[in-house]
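Q: I would like to go through this structure with you, beginning with its side-chain contacts and then turning to its strands. May I put some short questions?

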Amino acid sequence: MKFFIYSRKSVYTGKGESIDNQIEMCKQYIYTKFPDAIDNDISIYEDEGFSAKNTERPQFQHMLSDIKIRKPDYIVCYRLDRISRNVSDFSSLIEELNQRNISFICIKEEFDTSKPMGKAMMFIASVFAQLERETIAERVRDNMVMLARTGRWLGGTTPTGYTSEKLQEIIIDGKVKTSCKLKDNPAELFATDVIFEKYLECKSISGVSKYLISQNIKSRSGKFYSLLGIKNILQNPVYCIADQDARNYFVKKNADVCFEEKDCSNKYGLISYNKRDYKKKHAPRQSVDKWIISIGRHRGRIEGKKWVAIQAILEENIPTGKKPSKIHNDYSLLSGLVYCDNCGSRMFAKQRSGRNANPAWFDYICHSKLRGGKNLCNCQNLNGQETDNAVCQHLMEYINEDSSIFKLLENLKRNIQKEETDDPLERIQIQIKKCNVEIDNLVNSISESTPSPILLEKINLKMQHLEQELFELEQKQYQAEQDIFATEDQIRKKDLLISSLSNLTDNFSELTIQEKRTFIKLLIHKIIWDGENLHIFIYSE
């Protein structure tokens with residue numbers, strides 16, 4: 001019989017229910033219940049430093065793969081929550097094991113899915129395991145709310161304009177606890193005051209950015225404020241005075257507001273908790289209804305009425321279904337492909353504005369210049385229509401039967417086909433066939449006679465090596481098949497491109513803006529504008 005042992009622990013401690021202890025107890029259980037079992041019958045999978053909130057654990061996933069290749073009779077674990085605390089994940093696992101006729105044993109709770117009652121009790125226990133996890137999460141949030149009511153700063157990077165100051169030490173249950181609050185940083189607060197003032201004036205984040213650059217006002221890191229950095233400051237409640245207008249705003253947004261009307265202050269600022277979801281990758285910002293809002297112990301900078309007005313302007317500028325955001329404009333061909341030789345930034349298309357401006361007129365402007373004006377870069381703008389026409393005309397002249405672009409594509413195709421003369425897939429398939437023959441021979445040797453215990457142990461060991469080799473070969477076979485498909489696809493695309501280029505000059509004008517952009521990016525690596533001349537770099541040159 002074959003056994004898989006799975007063990008898991010979230011944090012390494014070296015004691016208690018350690019990985020080693022779990023494995024040892026599982027082994028003892030197997031040897032007790034199955035006296036004929038030996039070490040070679042047991043495969044071990046260990047995940048240390050991984051929680052049970054989901055099944056994205058390397059050794060757990062490896063075990064699931066091995067189940068399909070070398071099916072065990074039993075999967076054994078120390079306790080149910082070592083597998084998962086999620087009912088859905090656990091149910092999916094048990095369903096798959098049932099389909100493959102694999103039993104699941106949990107030694108702590110003494111569940112065995114090979115028996116009907118064990119299977120039923122296993123599902124009941126998994127429900128309670130998930131309940132425990134959700135209870136823990138709720139308890140963490142309750143603790144967060146409790147701390148929020150104190151208005152203390154819980155640590156981490158302080159907002160622009162503040163530093164962290166130790167307020168006092170409190171003895172709780174015999175332990176020393178440090179309480180912190182935010183302390184003013186006058187130099188940085190000057191910048192935040194300017195940001196709020198200028199945004200109310202021009203109602204534009206880029207407008208604020210240009211003003212800060214013109215005044216040489218920089219961030220804590222010594223760099224100019226990014227657009228995202230400015231927006232984060234404008235959205236942060238830490239600068240908002242905890243008055244009635246502020247409270248009404250967050251109550252209306254269904255945030256968890258931890259103070260009453262009578263507690264509103266015209267002096268102190270707000271502290272917000274739970275603004276980001278740290279359970280997800282990159283900790284995305286959560287909607288306001290998930291926030292916890294309390295009165296802090298620092299001075300606020302902007303009254304609630306003005307802060308709420310700023311949020312309304314910001315929300316109005318967020319793209320909606322009625323007012324979609326344009327990722328690409330529908331009038332330029334080279335936006336982002338042209339580089340400024342002066343500062344190295346990309347140049348982007350911007351429509352001309354003004355009373356007499358034609359909507360079809362646009363220019364390519366250096367990104368640094370767009371962001372900070374001539375204070376950052378004084379590169380001369382490029383006339384959009386003239387530049388697009390000049391580049392297209394150059395490409396049309398470049399593409400002809402004697403052009404090196406055709407030679408380049410043909411050489412690439414020949415090189416790809418040459419690489420495929422030695423078929424790696426065929427070699428792998430021969431190795432797989434050989435491996436399967438060896439496994440069959442070993443199985444036949446056992447069925448035809450009764451080998452001695454020593455020989456049987458050697459056969460089992462050899463079988464394990466062969467099964468592992470077979471697994472690795474099948475992985476290589478899959479990758480080789482994908483590589484062949486990708487190669488054939490590359491050749492098809494190059495054939496299509498060569499045939500398209502041969503008659504492109506005749507129908508280029510009929511292509512859409514998007515098709516022209518795609519064609520240009522296939523041929524042009526980048527374009528550099530030095531203020532006088534345009535330098536076009538083509539891939540084949």
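Q: Which residue forms a salt bridge with Arg 247?
A: In this predicted model, the partner of Arg 247 in the salt bridge is Glu 260, and the closest N and O atoms are 3.8 Å apart.

Q: Where do Arg 247 and Glu 260 lie?
A: Arg 247 belongs to helix α8 (residues 244–252), while Glu 260 sits in the loop between β8 (256–257) and β9 (268–273), so the pair ties together parts that are 13 residues apart in sequence.

Q: Is Arg 247 buried or exposed?
A: Arg 247 is buried, because its relative accessible area is 13% and the cut-off for buried is under 20%. Glu 260 counts as partly exposed, at 47% relative accessibility.

Q: How many salt bridges are there?
A: The count comes to ten. Among them is the one between Asp 363 and Arg 352, at 2.8 Å from N to O.

Q: What does that pair of Asp 363 and Arg 352 link?
A: Distant parts of the chain, eleven residues apart: Asp 363 is in strand β13 (residues 362–366), and Arg 352 is in the loop between β12 (346–351) and β13. Asp 363 is buried at 13% relative accessibility, whereas Arg 352 is partly exposed at 32%.

Q: And what is the partner of Glu 96?
A: Glu 96 forms a salt bridge with Arg 100, with 3.5 Å between the closest N and O atoms. Glu 96 is partly exposed, at 22% relative accessibility, and Arg 100 is also partly exposed, at 30%.

Q: Turning to cysteines, how many disulfides does the structure hold?
A: Zero. As for accessibility, Cys 202 is partly exposed with a relative accessible area of 34%, and Cys 264 is partly exposed with 22%.

Q: Now the sheet of five strands: what is its order?
A: The order is β2-β1-β3-β4-β5, in an open sheet with mixed pairing. At the edges stand β2 (42–48) and β5 (111–112), each with a single partner strand, so one side of each is left without a neighbour in the sheet.

Q: How many bridges join β4 to β5?
A: Two bridges join strand β4 (residues 103–106) to β5, and the two strands run antiparallel. Cys 106 has Phe 111 in β5 as its bridge partner.

Q: Which strands does helix α1 touch?
A: Helix α1 (residues 19–33) packs on the sheet and touches β1 (3–9), β2, β3 (74–77) and β4, its direction making about 155° with that of β1. Helix α2 (residues 58–69) also packs on the sheet, touching β1, β2 and β3, and its direction makes about 150° with that of β2.

Definitions and conventions: Residues numbered from 1 in each chain as written. Predicted model: local features only at pLDDT ≥ 70, side-chain atom pairs only at ≥ 80, totals over all residues. Heavy atoms only, no water. Salt bridge = Lys/Arg side-chain N within 4 Å of Asp/Glu carboxyl O. Buried < 20%, exposed > 50% of the residue type's maximum accessible area, 1.4 Å probe, protein only. Helix = DSSP H or I, 4+ residues; strand = E, 2+ residues; numbered from the N terminus. Disulfide = S-S within 2.5 Å. Pairing = 2+ DSSP bridges. Contact = heavy atoms within 4.5 Å. Axes fitted to C-alpha atoms, helices over the stretch in contact; angles between N-to-C directions.
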